[in-house]
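Biologist: Could you take me through one part of this model up close? After that, I'd like to know how the rest of the chain looks.

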Amino acid sequence: MLTQISVAVIAVAFAVLVFFLIRTLKAATQSLDKVTQTLQDVQKTVDELSYEVKQTIRNTNDIAVDIQHKMQQINPVMDTVKNLGEALSEVSYAVKQVSAGMVSRFKHKPAEPQQEAVRERSLPEPGTKQDRTIQSYESVYEAPRETTKGRNWLSYVDMAVGLWNSFRRQRAR
């Protein structure tokens, strides 16, 4: 009888062991199913993202080609701006030399005629309203004569710039 009870206890213990083993295997199966489901979702997301990344790379390549093409079109403009800057630099240098020459000419002329002209223009301080009106009238209408001298000088500079540009065009050919 002891053997029979021992076999019965072993059978019950084996049944309990099998029962818990089955529960553990079912839980493991469910976990593996969830992992499989998650991996499938991840794979699907990666596939979608890879498609989007490929599209982005294609668009980036197209943009790079377009930018390269536009840069090639802008290069002549930049060369023109560079040449214009050089021409303006040369013109400003020429104007500087001309103005330095003119200043040196004015410095070498006697100062007396200039002082006499200043004395002629400066009137004594008027005392009456009528004298002040006459003085303001003269100062207004004498100013344009002085600016026309400046305008003549500027016209010479404009003419010199025009000649310089035509000279450069001739030299470029």
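Modeller: Let's start with a yardstick: buried means under 20% relative accessible area, exposed means over 50%, and partly exposed is in between (1.4 Å probe, protein chains only). By that yardstick, Phe20 counts as partly exposed because its relative accessibility is 46%. Phe19 is partly exposed too, at 48%. Bear in mind that this is a predicted model, where local features need pLDDT of at least 70 and side-chain atom pairs count only at pLDDT 80 or more, while totals for chains, interfaces and linings use all residues. Residues are numbered from 1 along each chain as its sequence is written, and side-chain values use heavy atoms, leaving out hydrogens and water.

Now for the close look: the structure holds one aromatic pair (ring centres of Phe, Tyr or Trp, its six-membered ring, within 6.5 Å; planes under 30 degrees apart are stacked, over 60 edge-to-face, the rest tilted). The partners are Phe19 and Phe20, with ring centres 5.5 Å apart and planes at 70°, so they sit edge-to-face.

Stepping back, the chain has three helices and zero strands (DSSP runs: H or I of at least four residues, E of at least two, numbered from the N terminus). Along the sequence that reads α-α-α. Buried residues make up just 2% of the 173 in the chain. Ile74 lies in helix H1, residues 2-108, and is partly exposed because its relative accessibility is 38%.

How far does the predictor trust all this? Mean pLDDT (its confidence in each residue, from 0 to 100) is 79 for the chain, with 72% of residues reaching 70 or more. Among the elements, H1 has the highest mean, 90, and helix H2 (residues 112-121) the lowest, 50.

Conventions: pLDDT is the predictor's confidence in each residue, from 0 to 100.
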